[in-house]
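Good morning, and thank you for making time for this item. I should like to take you through one structure, beginning with a term that we shall need along the way.

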Amino acid sequence: MSTYNMNTMMTTREMIGSFLALPFQAVVKFFTTIQSSRMEQLDALNAMSDEDLAARGLTRAQAAQAILRCGF
């Protein structure tokens, strides 16, 4: 004989709430991914020396603007 723990079962209201939250969770995940990608680019920029940037014909401010200006 098996028994069900009623505390672990979702109610209909909880299931509907979880279902309706899915699109919002996807949007948050999308923007979080974009944000983490830009942070990685900014970290790489900070690791570069001013001489490396000058060799590429950029200033640190120009490089940062290019990273942050990228549209999506």
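A residue is called buried when its relative accessible area is under 20%, exposed when that area is over 50%, and partly exposed in between. M39 has a relative accessibility of 41%, and therefore counts as partly exposed. Please bear in mind that we are looking at a predicted model.

Let me now place that residue in the overall fold. The protein chain contains three helices and zero strands, and from the N terminus the order of elements reads α-α-α. Of its 72 residues, 11% count as buried. M39 itself belongs to helix α1. Its C-alpha atom is separated by 9.5 Å from that of L68, although the two residues are 29 apart along the chain.

Q35 offers a second view of this region. This residue also has its place in helix α1, which covers residues 12–47. With a relative accessible area of 46%, Q35 is partly exposed, because that value falls between the limits of 20% and 50%. Between the C-alpha atoms of Q35 and L68 there are 9.8 Å, and along the chain these residues are 33 apart.

L68 brings us to the packing of the helices. How do α1 and α3 run relative to each other, roughly parallel or roughly antiparallel? Helix α3 comprises residues 60–69, and it packs with α1 at an angle of about 170°, their axes being 10 Å apart. Angles over 145 degrees count as roughly antiparallel, and α1 and α3 are therefore roughly antiparallel to each other. Their crossing is right-handed.

Which residues form this contact? On the α1 side they are R38, Q41, L42, L45 and N46, and these meet R60, A63, A64, I67 and L68 in α3. Sorted by class, the contact of α1 with α3 has six nonpolar residues, together with two polar and two charged ones.

I turn finally to the aromatic residues. How many aromatic pairs does a search of the whole structure find? The search finds one. The pair consists of F30 and F31, whose ring centres are 5.3 Å apart and whose planes stand at 70°. Planes over 60 degrees apart count as edge-to-face, so the pair of F30 and F31 is edge-to-face. As for accessibility, F30 is partly exposed at 44% relative accessible area, and F31 is likewise partly exposed, at 39%.

That concludes my presentation, and I thank you for your attention.

Technical notes:
Residues are numbered from 1 along each chain as its sequence is written. This is a predicted model: local features need pLDDT of at least 70, side-chain atom pairs count only at pLDDT 80 or more; totals for chains, interfaces and linings use all residues. Side-chain values use heavy atoms; hydrogens and water are left out. Helices (H or I, at least four residues) and strands (E, at least two) are DSSP runs, numbered from the N terminus. Buried means under 20% relative accessible area, exposed over 50%, partly exposed in between (1.4 Å probe, protein chains only). Rings of Phe, Tyr and Trp (its six-membered ring) pair if their centres lie within 6.5 Å; planes under 30 degrees apart count as stacked, over 60 as edge-to-face and the rest as tilted. Axes are lines fitted to C-alpha atoms, for helices over the stretch in contact, and angles run from 0 to 180 degrees between N-to-C directions. Angles under 35 degrees count as roughly parallel, over 145 as roughly antiparallel, 65 to 115 as roughly perpendicular and the rest as oblique. A crossing is left-handed if the near helix is turned anticlockwise from the far one by less than a right angle, and right-handed if clockwise. Contact means heavy atoms within 4.5 Å. Ala, Val, Leu, Ile, Met, Phe, Trp, Tyr, Cys and Pro count as nonpolar, Asp, Glu, Lys and Arg as charged, and the others, Gly among them, as polar.
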